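Colleague: Before I rely on the labels attached to this model, I would like to hear the reasoning behind them. Could you take them one at a time and set each value against its cut-off?

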Amino acid sequence: MPRSTTSGPSQRMLRVGEQVRHALSETLQRGEIIDPLIENTVVSVSEVRMSPDLKIATAFVSPLGAADAAAVVEALNKHAKFVRGRVSGALRQMKYMPEFRFRLDTSFDNFARINDLLKSPEVARDLGSDNDSDYNKDTE
């Protein structure tokens, strides 16, 4: 069977990543990690990317209301083995329990930056002139 030439994740990697994300979110929600920095912070797991062999799970998290998001991510990485043990019950169907790596999710910051750019006066001026010229062409 020929292998796909696409560089994106396989359907299996996406499915397992979503299962791991749900299990990880439940574990964090229950507050089982004994760390003052994590206990006082709501952590949102936005995505989990699995390695092709499903042995490494990279979780992208957003600490909500934390003064130092990088410190929360560092604390999660410090407790990664504990989290792995806690999540294992929910992921019994997996042959290997993945190793967890936590990364700060910057996608929301990127979205906000793009939104600010789109709302800038320069872009509004350019969009306004294009819309006016298109409108003039249609009415003639």
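Modeller: Let me begin with Glu18, which forms a salt bridge with Arg21, the closest N and O atoms being 2.7 Å apart; please keep in mind throughout that this is a predicted model.

Colleague: What makes the contact of Glu18 with Arg21 a salt bridge?

Modeller: The rule asks for a side-chain nitrogen of Lys or Arg within 4 Å of a carboxyl oxygen of Asp or Glu, and the closest N and O atoms of Arg21 and Glu18 are 2.7 Å apart, so the pair satisfies the rule. The two residues are 3 residues apart in helix H1, which spans residues 11–30, and are therefore separated by about one helical turn.

Colleague: Why is Glu18 called partly exposed?

Modeller: Its relative accessible area is 35%, and since buried means under 20% and exposed means over 50%, a value in between is called partly exposed.

Colleague: How many salt bridges does this rule give?

Modeller: The count comes to 5 salt bridges. Two of them involve Glu32, whose side chain meets that of Arg30 at 2.6 Å, N to O, and that of Arg86 at 3.1 Å, N to O. The pair of Glu32 and Arg86 links distant parts of the chain, given that Glu32 is in the loop between H1 and helix H2 (36–39), Arg86 is in helix H4 (residues 80–87), and their positions lie 54 residues apart in the numbering.

Colleague: Which residues are linked in a network of salt bridges?

Modeller: Arg30, Glu32 and Arg86 are linked in such a network. Both arginines are partly exposed, Arg30 with a relative accessible area of 48% and Arg86 with one of 43%.

Colleague: What else is Arg86 in contact with, leaving aside its neighbours within four places in sequence?

Modeller: With those neighbours set aside, Arg86 is in contact with Thr27 as well as Glu32. In addition, Arg86 and Ala23 are 9.0 Å apart in space, C-alpha to C-alpha, although they are 63 residues apart in sequence.

Colleague: Why are H1 and H4 described as roughly perpendicular?

Modeller: Their axes come within 10 Å and cross at roughly 110°. Angles of 65 to 115 degrees count as roughly perpendicular, which makes H1 roughly perpendicular to H4. At this crossing, Ala23, Leu24 and Thr27 in H1 meet Val83, Arg86 and Val87 in H4, and by class the contact has 4 nonpolar, 1 polar and 1 charged residues.

Colleague: What makes the largest nonpolar core a core, and which residues have the most contacts inside it?

Modeller: A core of this kind is a set of buried nonpolar residues joined through side-chain atoms within 4.5 Å, and the largest such set has 28 residues. Those with the most contacts inside it are Val20, Leu24, Met50, Val61, Leu76, Phe100 and Phe102. At least two residues of this core come from each of H1, strand S1 (42–50), strand S2 (56–64), helix H3 (69–78), H4 and strand S3 (99–104), with the largest share, 6 residues, coming from H1. Phe100 touches Val20, Leu24, Ala57, Ala80, Val83, Arg84 and Val87, not counting residues up to four places away in sequence.

Colleague: How do you know that Leu54 counts as buried?

Modeller: The limit for buried is under 20%, and Leu54 has a relative accessibility of 8%, so Leu54 counts as buried. Leu54 is found in the loop between S1 and S2, and has a positive phi of about 65° although it is not a glycine.

Colleague: Is Arg103 buried, exposed or partly exposed, and which residues is Arg103 in contact with?

Modeller: Arg103, which lies in strand S3, has a relative accessible area of 38% and is therefore partly exposed. Leaving aside neighbours within four places in sequence, Arg103 is in contact with Thr58, Ala59, Phe60, Val61, Val73 and Asn77. The C-alpha atoms of Arg103 and Thr58 are separated by 7.0 Å, while the two residues are 45 residues apart along the chain.

Colleague: How many helices and strands does the protein have, and in what order do they run?

Modeller: The protein has 6 helices and 3 strands, which run α-α-β-β-α-α-β-α-α from the N terminus on. Buried residues make up 30% of its 140 residues.

Notes: Residues numbered from 1 in each chain as written. Predicted model: local features only at pLDDT ≥ 70, side-chain atom pairs only at ≥ 80, totals over all residues. Heavy atoms only, no water. Helix = DSSP H or I, 4+ residues; strand = E, 2+ residues; numbered from the N terminus. Buried < 20%, exposed > 50% of the residue type's maximum accessible area, 1.4 Å probe, protein only. Axes fitted to C-alpha atoms, helices over the stretch in contact; angles between N-to-C directions. Parallel < 35°, antiparallel > 145°, perpendicular 65-115°, else oblique. Contact = heavy atoms within 4.5 Å. Nonpolar A, V, L, I, M, F, W, Y, C, P; charged D, E, K, R; others polar.
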